[in-house]
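Trainee: Could we go through this chain together, one question at a time, while I keep the sequence and the fold in view?

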Amino acid sequence: MYDKRSATFHRDHVSLSTVDGRVECDYILPDSSETPPTKYVSDGDFEFRMAHLQYRDGDWYLHASMRKVEADEGSSESESKHRTVLGVDLGVNNLAVASTGRFWSADKFNHWRREYENRRGSLQQCGSRYAHENIESVGQKEDGRFEIHLHTVANEIIEEAIKSGCSHIVFEDLTHIRENIPEAAWQHVWAFRRLYEYVEYKSEEHGIEVVQVDPRNTSKRCSTCGFTHDDNRDGESFECQKCGYENHADYNAGKNIGLQYLRRRQNADAGGAPVDVRLNRGALNVSGKYVSLASAEA
Ligand SMILES: [Zn+2]
């Protein structure tokens, strides 16, 4: 199966990415200009969408779907453009985990948080005005350290998206983050919101769009087969009770967050732009099929 990224469709030939590199093939079309293949392939008003390559009785056939290019296409360019998304899961043990398998540990953050709580606790016991002022200054100093760290994580998430050729970075909707992550302390909630704001703000200059999706079931759902069950997740480990897929629970969730956006797009404009979720060795495409890195990047 080919799309615009794994194949380049020309009017007289196609360039296909294969495990052995690019292969160029000329079309053999019926002579009559009225037969559908000849008519549409030569017509500049039609563009190639997806294609299936099939081997039959010693010959190769390309089954291509074509679409009429709308006159106002230019104005909705961003809508018809191919999307590749980086899903990002947020959590208390790992601040962020990307659908490419990159982890940003929360160890440093949690260490500071505990230190801060301890110091604040001992200052509070003094109860004097001096102690109160000290609590505030500790708070400000800690905020500063947390913020620098979050800037670094935000930059690295954007780097990961650029490196993976992503047009979108997808986060879970933070509105109900307290209910979704009950173990999160207020500092975590604060950190998630900051991190989202930094990524959103910084990604603009790189032409990357940042979006939020409904986080429902992203931690219980299998990113491979879609089976959703409470028993799939046990702490940090995920094991699908149906297909047996096993991986780090946060990584599975990161992939699901990307897939959630894919499904939303599909519902919004059925048959519209294809969407891929970027993974560590390739991408999940619009039909849920795994595309290897070689063909996904071609
Ligand atoms: Zn499964």
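Trainee: How many residues of E9 are buried?

Mentor: Before the answer, note that this is a predicted model, in which local features need pLDDT of at least 70 and side-chain atom pairs count only at pLDDT 80 or more, while totals for chains, interfaces and linings use all residues. Residues are numbered from 1 along each chain as its sequence is written. Helices (H or I, at least four residues) and strands (E, at least two) are DSSP runs, numbered from the N terminus, and a residue is buried if 20 or more other C-beta atoms lie within 10 Å of its own, exposed if 12 or fewer, and partly exposed in between, with C-beta atoms placed from the backbone. By that criterion E9 is largely enclosed by the rest of the structure, because its buried residues number 5 of 5.

Trainee: Which residues of E9 point one way, and which the other way?

Mentor: In a regular strand the side chains alternate between the two faces of the sheet. In E9, all of the residues concerned are buried, with Ile169 and Phe171 pointing one way and, the other way, His168, Val170 and Glu172.

Trainee: Which residue of E10 stands opposite histidine 168?

Mentor: Two strands pair if DSSP finds at least two bridges between them. E9 pairs in the parallel sense with E6 over 3 bridges, and valine 85 stands opposite histidine 168 there. E9 also pairs in the parallel sense with E10, over 5 bridges. In E10, the residue opposite histidine 168 is glutamate 209.

Trainee: Which helix gives the largest share of the largest nonpolar core?

Mentor: A nonpolar core is a set of buried Ala, Val, Leu, Ile, Met, Phe, Trp, Tyr and Cys residues joined through C-beta atoms within 7 Å. The largest one has 39 residues, of which Val88, Ala96, Ile157, Ile169, Val170 and Leu195 touch the most other members. Among the elements that each supply at least two residues of this core are strand E6 (83–90), strand E9 (168–172), helix H6 (186–203) and helix H7 (249–268). The largest share, 7 residues, comes from H7.

Trainee: Which residues of H7 does valine 170 touch?

Mentor: Two residues are in contact if their C-beta atoms, placed from the backbone, lie within 7 Å. Not counting residues up to four places away in sequence, valine 170 touches Val85, Leu86, Gly87 and Val88, and also Val211 and Val213. Helix H7 covers 249–268, and the remaining residues that valine 170 touches are Ile257, Gly258 and Tyr261.

Trainee: Within what arc do the buried residues of H6 fall?

Mentor: The buried residues of H6 are His188, Ala191, Phe192, Leu195, Tyr196, Val199 and Ser203, whereas Trp186 and Tyr201, on the other side of H6, are exposed. The arc is that of the directions from the helix axis to the C-beta atoms. Seen down the axis of H6, the buried residues line one face of the helix, because they fall within an arc of 130 degrees.

Trainee: Which strands stand at the edges of the sheet E1-E2-E3?

Mentor: This is an open sheet of 3 strands with antiparallel pairing. E1 is joined to strand E2 (residues 13–18) by 3 bridges, and the partner of alanine 7 in E2 is leucine 16. Two strands have a single partner strand each, so one side of each is left without a neighbour in the sheet, and these edge strands are E1 (7–9) and E3 (21–26).

Trainee: Is proline 215 buried or exposed?

Mentor: Proline 215 is placed in the loop between E10 and strand E11 (233–234). Leaving aside neighbours within four places in sequence, proline 215 is in contact with Glu172, Asp173 and Asn180. With 23 C-beta neighbours inside 10 Å, proline 215 counts as buried.

Trainee: Where does aspartate 57, with phi near 50 degrees, lie in the chain?

Mentor: That phi is a positive value in a residue other than glycine. Aspartate 57 is exposed, with 5 other C-beta atoms within 10 Å. The place of aspartate 57 is in the loop between strand E4 (46–56) and strand E5 (59–68).
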